[in-house]
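These are my notebook entries on one protein and its ligand. I set down what I looked up, topic by topic.

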Amino acid sequence: MKFFIDTADIDAIKQAYEMGLVDGVTTNPSLIKQSGRDHEETIREISSIVPGPISVETISTTTQGMLDEAEIYQTWGNNIVIKIVMSPEGMQTVKFLSAKGIKTNVTVTFTAAQALIAAKAGATYVSPFVGRLDDIGHHGMDVIEQIRTIYDHYAFQTKILVASVRSPIHLLDAAMVGADVATIPPKTLQQLFKHPLTDKGIEQFLADAKAFQKA
Ligand code: E4P
């Protein structure tokens, strides 16, 4: 299972990458806004740190607009994946780009039917937003399970990228149902290390080690 990091915060990316926990990065307009930095400069910097796929989201609403943006974003690094929202124009863009061998990530998806459409268009990744589904009283992970079943039935190559991850449980469930990738916010990544028995165990070992440590 691949771990992507869901942020445009360079320090957080560097820190997680150095621990071997970052196979790729996802960004979106909200994350770029949060970083408070220039879009191009930020993506170029991320691309120079992480060799894996870096998703950059288009903001046009027309197919031509998305294609023009894709052409520009491709020059920002050699590992750029073009992120495209779920819409008829978006799927037409994915079809064009995938025919040219350009990697795509279909985002803002909430149903297995949308994931099926993305796969038919030739998307490299589909990003179902589990956290936002949970927020409105649905079981986001049920959608991941459905997509896994459908993709396996027909041997679609599109990878399931679990997005809008909010907790270690989301990550665990995504792994249990066989998602290909989870994109994880830095805060959740930090939470993965934590267990009270781990803290207690380390504390006890360090205390006992004092008995035989040379001054
Ligand atoms: C990543 O590709 C998505 O844009 C992101 O995970 C959305 O997360 P959010 O629902 O926490 O904004």
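**Terms and basis.** I call a residue buried under 20% relative accessible area, exposed over 50%, and partly exposed in between, with a 1.4 Å probe and protein chains only. The model is predicted, and I note that local features need pLDDT of at least 70, that side-chain atom pairs count only at pLDDT 80 or more, and that totals for chains, interfaces and linings use all residues. Residues are numbered from 1 along each chain as its sequence is written, and side-chain values use heavy atoms, with hydrogens and water left out.

**Overall form.** I first looked up the extent of the C-alpha trace, which spans about 70 × 40 × 30 Å along the principal axes of the protein. The protein has 215 residues, of which 47% count as buried. I found eleven helices and eight strands; these are DSSP runs numbered from the N terminus, helices being H or I of at least four residues and strands E of at least two.

**The ligand site.** Which residues are around the ligand? I list Asp-6, Thr-26, Asn-28, Lys-83, Phe-129, Arg-132, Ala-163, Ser-164 and Arg-166, where a residue qualifies if one of its heavy atoms lies within 4 Å of the molecule. By class, this shell holds two nonpolar, three polar and four charged residues. Here Ala, Val, Leu, Ile, Met, Phe, Trp, Tyr, Cys and Pro count as nonpolar, Asp, Glu, Lys and Arg as charged, and the others, Gly among them, as polar.

I then looked up distances from polar side-chain atoms to oxygen atoms of the ligand. For Arg-132 the distance is 2.7 Å, for Asn-28 it is 2.8 Å, and for Arg-166 it is 3.1 Å. Taken alone, the ligand exposes 340 Å², and the protein buries 84% of that; the areas come from the Shrake-Rupley method with a 1.4 Å probe.

**Two positive phi values.** Most residues other than glycine have a negative phi. I therefore noted two residues with positive values and looked up their surroundings. Ala-155 has a phi near 55° and lies in the loop between α8 (140-154) and β7 (159-162). Ser-164 has a phi near 60°, and its place is in the loop between β7 and α9 (168-176).

Is Ser-164 buried or exposed? I recorded Ser-164 as buried, because its relative accessible area is 10%. Ala-155 is exposed, because its relative accessible area is 52%. Ser-164 is also one of the residues around the ligand.

**Separations across the chain.** I looked up three pairs of residues by their C-alpha atoms.

- Glu-41 is found in helix α3 (residues 39-49) and counts as partly exposed, because its relative accessibility is 43%. Glu-41 and Tyr-154 are 113 residues apart in sequence and 40 Å apart in space.
- Gln-34 has its place in helix α2 (residues 29-35) and counts as exposed, because its relative accessibility is 65%. Between Gln-34 and Lys-200 I noted 36 Å in space and 166 residues along the chain.
- Phe-193 is in the loop between α10 (186-191) and α11 (196-209) and counts as partly exposed, because its relative accessibility is 45%. Phe-193 and Ser-60 are separated by 39 Å, with their positions 133 residues apart along the chain.

Methods: Polar contact = N/O pair within 3.5 Å; in protein donor to acceptor, adjacent residues only side chain to side chain.
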